[in-house]
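Thanks for making time this morning. I would like to walk you through one structure, with the charged and aromatic contacts as the main topics, so please have a look at it before I go on.

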Amino acid sequence: MRRVTIYFIKIFFFIVIIISHSVYGQNTFQGIILDSITKKPVPYAIVRSFSFGSYTDSLGFFSFKDILDDTAYISCVGYADKKIVINRDRPDTILLSPFFKTLRPVVVGDYDWLKNKKIEIGRLAGPSKFRLNVPESGLTIVKYFSHPNLQKTYVLSELVVRVSLPKLKYNASKFRIRIFAAKDDKTIGEEILNATDIFILNEIRENLAYVDLKKFEFDIPESGCFIGFEFLGTTDESNDVSTLSLLGWLSSDFEDGLIMTRYFTKTFRPFSFGKNQKANLYFSVTLHERN
C-alpha cells in the first residue's frame, strides 16, 4: 500500500511539472524583428504593450516572460509602426516595413557651411537645481528649438547637453538622435529625421556632452523643431560606475524651450514639477548659416 501511495505521489508531481512548463511556455513571448526588404535584424526596436516595454537587442531578438496581454506594438525610427497578436506557442518572426524619404544629396566630409557664421541656441550655464537620472533604456527626451532668423537658412551641426559626471565616471549611454517637427512651441508633430544611427554618449568635456550631427545636413524648419535623445541602453552593465544624469534648473516657465519626455510610449508629456516649477534642462544646439 505504501508503494502505491509513493507511486501516485510521484505521478502527481510529474503532472505538476508538466503543467508548469506548459503554462510557462504559453506565457512567454519571444522572437526576432527583421527588415521586411533586406531581412536583416532591426536592432533596438521597441516592443511594448500595456504591461511591458523593452528593446530588441543588437541582433533584433526579444523575450518576455509571464505575458498576460494579447497584443503588442512594435516601433522603430525609420520603420512603420506595427500591431501584432502575441504568439505564445513558438518564437515569432516579425517584419517591419522601412520608410523611404528623399534626402538631400550629401558629399561625405564636404561641409562648406562649417566655414559660415555659427550661432548657439539654448542654455548650458547656471546653478543646477535638479538632476534627471537617465534609465538604462526607454526614455526619449526632446527640447523645443525655434528658428533664429526666418530670413536665413540654418543647418544643425552639434547638440550639447550638460551632465552631472565627467568622462569615464558613468556607464556610457547608447542613444539615437530624434528630431520632430513643431506644430507650435508646445506641440510635437511628425518625425523629420529618419535616422537609425546609434551613438554612444562618451565625449564629455567639463561636464558637457557633445554630439556631432553635421553628417545629417539637417536644416532647421521655419516653425522650429524638437531635438533630443532616445536612450537605448549602456555599454557597461556593471554597477561599478554611476548612471548618467542630465542637469537643469527650475523656473516658472520654460525659459528657452519646452522639454518633452516619453517612456516606451507614443505620447510625449511636458517635463515639469507642477504649474509653478517648470523643469528646464541644459540643452543647446549649434547652427551654421547655409549659403
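Let me begin with a question: which residues do ring pairs link into a cluster? The residues in that cluster are F175, F199, F216, F229, F231 and F283. Before I go further into the rings, I should say that what you are looking at is a predicted model, so a word on confidence belongs here.

The mean pLDDT of the chain is 83, and 83% of the residues come in at 70 or more. Confidence is lowest in helix α1, residues 2-26, where the mean is 43, whereas strand β22, residues 283-289, has the highest value, at 96. Over residues 2-25 the pLDDT is below 50, and that stretch has two contacts in the model once near neighbours in sequence are set aside. Where pLDDT is low, the predicted coordinates should not be read in detail.

Back to the rings, then. By the rule used here there are 20 aromatic pairs. One of them joins Y111 and W113 in an edge-to-face arrangement, with 5.8 Å from centre to centre and 65° between the planes, and both Y111 and W113 are buried. Another is the pair of F229 and F283, whose ring centres lie 5.8 Å apart and whose planes meet at 80°, so this pair is edge-to-face. F229 belongs to strand β17 and F283 to strand β22, so the pair ties together parts that are 54 residues apart in sequence. Is F229 buried or exposed? F229 counts as buried, because its relative accessibility is 0%, and F283 counts as buried on the strength of a relative accessibility of 0%.

There are also rings with a charge sitting over them. The charged end of R162 lies over the ring of Y282, 4.7 Å from the ring centre, and R205 sits over the face of Y210, at 3.9 Å from the centre of that ring.

Now to the salt bridges, of which the count is 12. What is the distance between the closest N and O atoms of E255 and R123? In that salt bridge they are 2.8 Å apart. E255 lies in the loop between β18 (245-251) and β19 (259-263), while R123 lies in the loop between β8 (118-122) and β9 (130-133), so the pair ties together parts that are 132 residues apart in sequence. E255 is partly exposed, with a relative accessible area of 49%, and R123 counts as partly exposed at 26%.

The salt bridges of E230 have a buried setting. E230 forms one with R176, the closest N and O atoms being 3.9 Å apart; since E230 is in strand β17 (residues 225-234) and R176 in strand β12 (residues 173-184), this pair ties together parts that are 54 residues apart in sequence. Both E230 and R176 are buried. E230 also forms a salt bridge with R178, and here the closest N and O atoms are 2.6 Å apart. That pair links strand β12, which holds R178, to strand β17, which holds E230, across 52 residues. R178 is buried, as is E230, and salt bridges with shared partners join R176, R178, E191 and E230 into one network.

Let me stay with R178 for a moment, because at 6% relative accessibility it falls under the 20% limit and counts as buried. Setting aside residues up to four places away in sequence, R178 touches V77, T140, V142, E191, F226, I227, G228, E230 and R262. The C-alpha atoms of R178 and F229 are separated by 5.8 Å, although these residues are 51 apart along the chain.

I will finish with strand β19, which is mostly covered, four of its five residues being buried. Strand β10, residues 139-145, runs antiparallel to β19 and is joined to it by five bridges, with I141 standing opposite T261. Strand β20, residues 269-270, pairs with β19 in the antiparallel sense over two bridges, and there P270 is the bridge partner of M260. β19 and β20 form a hairpin with five residues between them, and in that turn F264 has a positive phi of about 55°.

Key
Residues are numbered from 1 along each chain as its sequence is written. This is a predicted model: local features need pLDDT of at least 70, side-chain atom pairs count only at pLDDT 80 or more; totals for chains, interfaces and linings use all residues. Side-chain values use heavy atoms; hydrogens and water are left out. pLDDT is the predictor's confidence in each residue, from 0 to 100. Contact means heavy atoms within 4.5 Å. A salt bridge is a side-chain nitrogen of Lys or Arg within 4 Å of a carboxyl oxygen of Asp or Glu. Buried means under 20% relative accessible area, exposed over 50%, partly exposed in between (1.4 Å probe, protein chains only). Rings of Phe, Tyr and Trp (its six-membered ring) pair if their centres lie within 6.5 Å; planes under 30 degrees apart count as stacked, over 60 as edge-to-face and the rest as tilted. A charge sits over a ring if NZ of Lys or CZ of Arg is within 6 Å of the ring centre and within 35 degrees of the ring normal. Two strands pair if DSSP finds at least two bridges between them.
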